[in-house]
Amino acid sequence: MLAILKLGGSILSNKKIPFSVNWDNLERIGLEVREALNYYREKGEKLKLIIIHGGGSFGHPIAKKYLKEDKFLNMEKGFWEIQRAMRRFHNIILDTLHSYDLPVVSIQPSSFSFFEHGKLMFPTRTIEEFLKRDFIPVVHGDIVLNLDGNYKILSGDHILPYLAKELKADINLHASNVDGVLDSEGKVIEVINKNNIDKILSSLRDAEGIDVTGGMYLKVMETFNLKVRAIIFNGNKRGNIYKALIGEKVGTLIDPQ
Ligand code: IP8
């Protein structure tokens with residue numbers, strides 16, 4: 001069983017306070033992931049896992065400084081500053097997960113991946129080999145080169161459906177800071193499929209706070225367009241990450257088939 005869990009930056013930090021970390025959530029997530037691995041082990045099964053995390057209060061405010069009308073400027077400094085902000089956040093996350101005895105290893109997209117002719121080039125061989133050896137690769141949203149000119153933010157919301165498709169993952173999870181995709185009355189939409197996708201996409205607004213990527217809209221649009229079945233749920237609520245990893249129902253199911 002292969003699961004991909006994207007931890008939204010908004011559950012790991014307070015996006016309105018630069019360089020803040022939500023320690024309670026981070027520690028709890030470490031514990032819930034540990035418990036989910038144990039659950040599978042006790043059943044005689046193995047959960048293979050990839051974790052992706054967003055930029056949160058580290059990547060987004062720094063990226064915003066260099067972004068002027070869709071173009072990054074002064075990137076001789078900006079590139080390494082954004083990369084460094086993400087690396088700091090990433091190290092904090094890895095260190096905490098290690099303390100829960102999780103064999104997490106680092107994957108930093110800015111060092112090897114890029115866009116060319118509008119397409120993401122992101123070789124997955126290393127990740128596949130890590131999974132075979134029972135490591136948990138941790139990938140993060142990042143700044144990357146755009147070979148057609150300038151630079152691009154590679155969001156965790158792009159990485160999740162990309163890896164899900166490439167690696168044929170069984171469970172794809174977006175842990176966000178809301179209970180799922182909400183309708184106009186604030187109720188959780190149970191399923192998004194071809195019957196309601198257009199209406200939902202047109203009504204979604206960008207996530208709150210300083211976000212250089214597209215919030216809920218991007219999550220739904222990317223997963224649906226790549227025909228990836230995924231669940232969007234509230235990772236702030238105790239127990240939800242464990243439940244989602246063991247296949248219990250939480251949040252909104254995106255079912256593009
Ligand atoms: O929070 C953004 O990743 P996301 C990464 O997953 C940067 O969209 C560098 C802002």
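Reader: To start with the annotation, which residues does UniProt list for "binding site"?
Author: The unreviewed UniProt entry lists K6, L7, G8, G9, S10, G56, G215 and K219 under "binding site". Please keep in mind that the structure shown here is a predicted model, so what follows about these residues is computed from that model.

Reader: Take G56 then; where does it sit, and is it buried or exposed?
Author: G56 lies in helix 3, which spans residues 56–66, and it counts as buried because its relative accessibility is 1%, where the cut-off for buried is under 20%.

Reader: And what does G56 touch, once residues up to four places away in sequence are not counted?
Author: With those left out, G56 touches G9, S13, K15, P61 and F89. One of these, G9, is also on the UniProt list for "binding site".

Reader: What about G215, which element is that in, and how accessible is it?
Author: G215 is placed in helix 8, which covers residues 215–225, and with a relative accessible area of 5% it is buried.

Reader: F89 came up among the contacts of G56; which aromatic cluster is it part of?
Author: F89 forms one aromatic cluster together with F19 and F58, and F89 is also the residue that appears among the contacts of G56.

Reader: Staying with rings, how many aromatic pairs are there in the whole structure?
Author: A search of the whole structure gives eight aromatic pairs. One of them is formed by F79 and Y151, whose ring centres are 5.7 Å apart with 45° between the planes, and this pair is tilted.

Reader: Which parts of the chain does that pair link?
Author: It links distant parts of the chain, since F79 belongs to helix 4 (residues 75–98) and Y151 to strand 10 (residues 151–154), with their positions 72 residues apart. As for accessibility, F79 is buried at 16%, whereas Y151 is partly exposed at 25%.

Reader: Is there an edge-to-face pair I could look at, and which residues form it?
Author: F130 and F135 form an edge-to-face pair, at 5.5 Å centre to centre and with 85° between the planes. F130 is partly exposed, having a relative accessible area of 22%, and F135 is partly exposed as well, at 34%.

Reader: Which charged residue sits over the ring of F115?
Author: That is K152, whose charged end sits over the F115 ring at 5.0 Å from the ring centre.

Reader: Back to helix 4 for a moment; what is T96 in contact with there?
Author: T96, which is placed in helix 4, is in contact with W23, L26 and E27 when neighbours within four places in sequence are left aside. T96 counts as buried, with a relative accessibility of 6%.

Reader: Zooming out, how many helices and strands are there, and why call the whole thing as compact as a globular protein of that length?
Author: The protein has nine helices and 14 strands. Its radius of gyration is 17 Å, close to the 18 Å that the globule rule gives for 257 residues, and it is therefore as compact as a globular protein of that length. Along the principal axes, its C-alpha atoms fill a box of roughly 55 × 40 × 35 Å.

Reader: Last one: what do burial, contacts and surface come to overall?
Author: Of the 257 residues, 54% count as buried. Among contacts with a separation of 6 or more, 74% are between residues 24 or more positions apart. The protein exposes about 12400 Å², of which carbon and sulfur atoms supply 49%.

Conventions. Residues numbered from 1 in each chain as written. Predicted model: local features only at pLDDT ≥ 70, side-chain atom pairs only at ≥ 80, totals over all residues. Heavy atoms only, no water. Phe/Tyr/Trp six-rings, centres within 6.5 Å; stacked < 30°, edge-to-face > 60°. Helix = DSSP H or I, 4+ residues; strand = E, 2+ residues; numbered from the N terminus. Buried < 20%, exposed > 50% of the residue type's maximum accessible area, 1.4 Å probe, protein only. Lys NZ or Arg CZ within 6 Å of the ring centre and 35° of its normal. UniProt positions renumbered as here; feature names shortened; annotations may be inferred. Contact = heavy atoms within 4.5 Å. Rg over C-alpha atoms; globule rule 2.2 N^0.38 Å. Areas by Shrake-Rupley, 256 points an atom, 1.4 Å probe, with all protein chains shown as cover.
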